[in-house]
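Thanks for coming. I have a few minutes on one structure, so please keep it open in front of you while I talk.

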Amino acid sequence: MRAVQKNDMVELTITGMTAQGSGVGHWEGLAVFTPLTAPGDVARVRIVKVAKNFAYGRLEELLIPSPHRVEPDCPCFSQCGGCCYRHITYEEELRIKEERVRDALERIGGFQGLPLRPILGADSRDGYRNKALLPLGLKKDGSLSLGFYAVNSHRIVDCASCKLQPEDFNLAMEAFRAWAAQYGDPVYDEATHSGRMRRLYLRKGERSGQVLACVVVNGNGLHHEGELVEALKAAVPGLSSVVINSNRDRTNVALGKKYRTIYGSDTIQDQLCGLEFQLSPLSFYQVNRTQAERLYHLAAEYAGLTGQELLLDLYCGAGTIGLSMAHKARRLLGVEIVPEAVENAKQNALLNHVENAEFFCGDAAQAARMLADRGERPDVIVLDPPRKGCDPDLIHTVVEFGPQRVVYVSCDPATLARDLKLFAQLGYASVEAAPVDMFPATSHVECVVLLSKTGHSCTKGN
């Protein structure tokens with residue numbers, strides 16, 4: 001039998017999902033990844049690309065639908081790069097994500113029998129995103145295109161209403177469209193670096209209800225800024241701030257560092273784990289506040305603080321995790337490489353009258369070594385690295401500190417499993433893991449893991 005080729009039509013039974021949310025079926029032993037399919041589907045699939053050990057397919061016809069399928073409730077779902085699971089039940093989405101964490105721990109980390117709590121799902125799939133960064137473009141008829149990038153592209157999918165956003169954002173988008181049609185400056189063109197309006201950026205404080213609207217411009221401002229403010233005020237009940245962000249750089253970086261408030265306050269406010277946070281356009285903050293609060297409670301449970309410990313928060317961002325635990329620690333030290341985030345963390349400590357916290361700007365591994373040279377010996381260390389995970393040098397430095405417990409907060413199960421394996425080799429056993437669904441309807445899944453210096457290892461051969 002000849003090997004499968006591009007444009008071949010094959011019949012697949014979908015048996016699993018990739019980390020990116022595509023269905024997985026097999027044809028003559030070859031894995032075929034097909035978006036918009038679900039476990040249990042039987043489908044006719046057209047092969048669109050063939051690699052050495054796998055292929056990509058496009059769903060052509062659904063022969064037998066999965067029992068987990070539901071009708072997608074968003075007209076942009078099949079094009080937009082935001083959601084990948086709106087065509088299946090939330091129960092099945094949670095099962096897929098929990099299984100993804102378990103599979104990574106077993107297959108990549110080599111962990112057998114590691115206790116895994118049931119995934120902590122959200123109360124709702126919808127309306128949880130407190131931040132939206134919306135690119136602007138032009139449709140073929142010359143009207144404004146406002147929405148989200150398609151998967152793996154810079155093609156804008158125009159979207160009038162996003163299910164992941166609060167209704168305030170959809171109202172702001174509608175008002176901005178109307179204002180732009182009457183008064184708007186030329187839309188920015190990436191290819192020529194011409195035009196002015198680049199993005200519409202929205203933030204909301206879930207508890208406060210306050211909304212910040214920001215327009216990113218290739219310049220210092222907009223014509224008819226007053227009319228924009230009035231349009232947004234009339235449309236968005238919680239509007240508290242309108243800001244112009246200047247980004248003249250020829251770059252994919254969304255925001256410039258210079259901004260000017262044209263209405264209301266420079267910041268909006270929100271509450272997380274009983275603490276108050278001031279949010280500017282450049283502030284670091286969790287996108288799903290409610291699930292972040294639950295994740296932080298898990299991290300605090302694993303940290304097991306009694307008031308006597310020195311707590312080290314590496315990759316601390318704006319300090320939210322560490323500050324939420326500071327009242328249970330003797331001292332808090334936070335490390336973050338982004339200067340603006342460190343300033344946010346210091347401001348947040350002052351705002352909440354946290355006097356036992358100190359924050360440092362620098363690479364996590366270098367800063368950890370600096371603290372070691374200074375004689376600091378943390379009892380508990382919290383790690384919340386980016387998607388790429390921890391650098392091996394940092395893991396060695398953490399182990400050299402000799403903390404009793406390490407709490408690892410991860411946004412990527414594969415790099416988490418890899419790092420836990422190295423920790424195990426260096427004498428820190430994984431005790432328990434707890435997945436958290438921070439971003440419902442998307443492929444992302446978070447996980448909190450407790451590591452112990454004296455715990456029992458669950459890796460093979462131990």
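I will go through a sheet, then one of its strands, and then the helices.

Before the details, note that this is a predicted model.

Let me start with the sheet. Seven strands make up an open sheet with mixed pairing, and their order is 18-17-16-19-20-22-21. Strand 18, residues 357-361, and strand 21, residues 429-436, are the edge strands, each pairing on one side only. On average, neighbouring strands in this sheet are turned by 15 degrees against each other, if direction is ignored. As a general reminder, strands of a sheet pair through backbone hydrogen bonds, in a parallel or an antiparallel way.

Now to strand 22, which covers residues 446-452. In the strand order, strand 22 stands between strand 20 and strand 21. With strand 20, residues 405-410, the pairing is antiparallel and runs over six bridges. Two positions to look up here: Ser410 is opposite Cys447 of strand 22, and Val406 has Leu451 as its bridge partner. On the other side, strand 21 is joined to strand 22 by seven bridges, and these two strands also run antiparallel. There, Ser430 is opposite Leu451. Leu451 therefore turns up in both pairings, with Val406 and with Ser430.

How many of the residues of strand 22 are buried? Seven of its seven are, and the strand is mostly covered. Glu446, Val448, Leu450 and Ser452 point one way from the strand, while Cys447, Val449 and Leu451 point the other way. Both sets are buried.

Next, a helix that touches the sheet. Helix 6, residues 339-351, lies across strand 17, residues 331-336, and strand 18. Helix 6 runs at about 170 degrees to strand 18.

Last, a pair of helices. Helix 2 is residues 167-183 and helix 3 is residues 225-235. They pack at an angle of about 150 degrees, and their axes are 9 Å apart. Angles over 145 degrees count as roughly antiparallel, so that is the description for helix 2 and helix 3. The crossing of helix 2 past helix 3 is right-handed.

Which residues make the contact? From helix 2 they are Leu171, Ala172, Ala175, Phe176, Trp179 and Tyr183, and from helix 3 they are Glu227, Leu228, Ala231, Leu232 and Ala235. Sorted by class, the contact has ten nonpolar residues, no polar ones and one charged.

That is where I will stop.

Terms used: Residues numbered from 1 in each chain as written. Predicted model: local features only at pLDDT ≥ 70, side-chain atom pairs only at ≥ 80, totals over all residues. Heavy atoms only, no water. Pairing = 2+ DSSP bridges. Helix = DSSP H or I, 4+ residues; strand = E, 2+ residues; numbered from the N terminus. Axes fitted to C-alpha atoms, helices over the stretch in contact; angles between N-to-C directions. Contact = heavy atoms within 4.5 Å. Parallel < 35°, antiparallel > 145°, perpendicular 65-115°, else oblique. Left-handed = near helix turned anticlockwise from the far one by under 90°. Nonpolar A, V, L, I, M, F, W, Y, C, P; charged D, E, K, R; others polar. Buried < 20%, exposed > 50% of the residue type's maximum accessible area, 1.4 Å probe, protein only.
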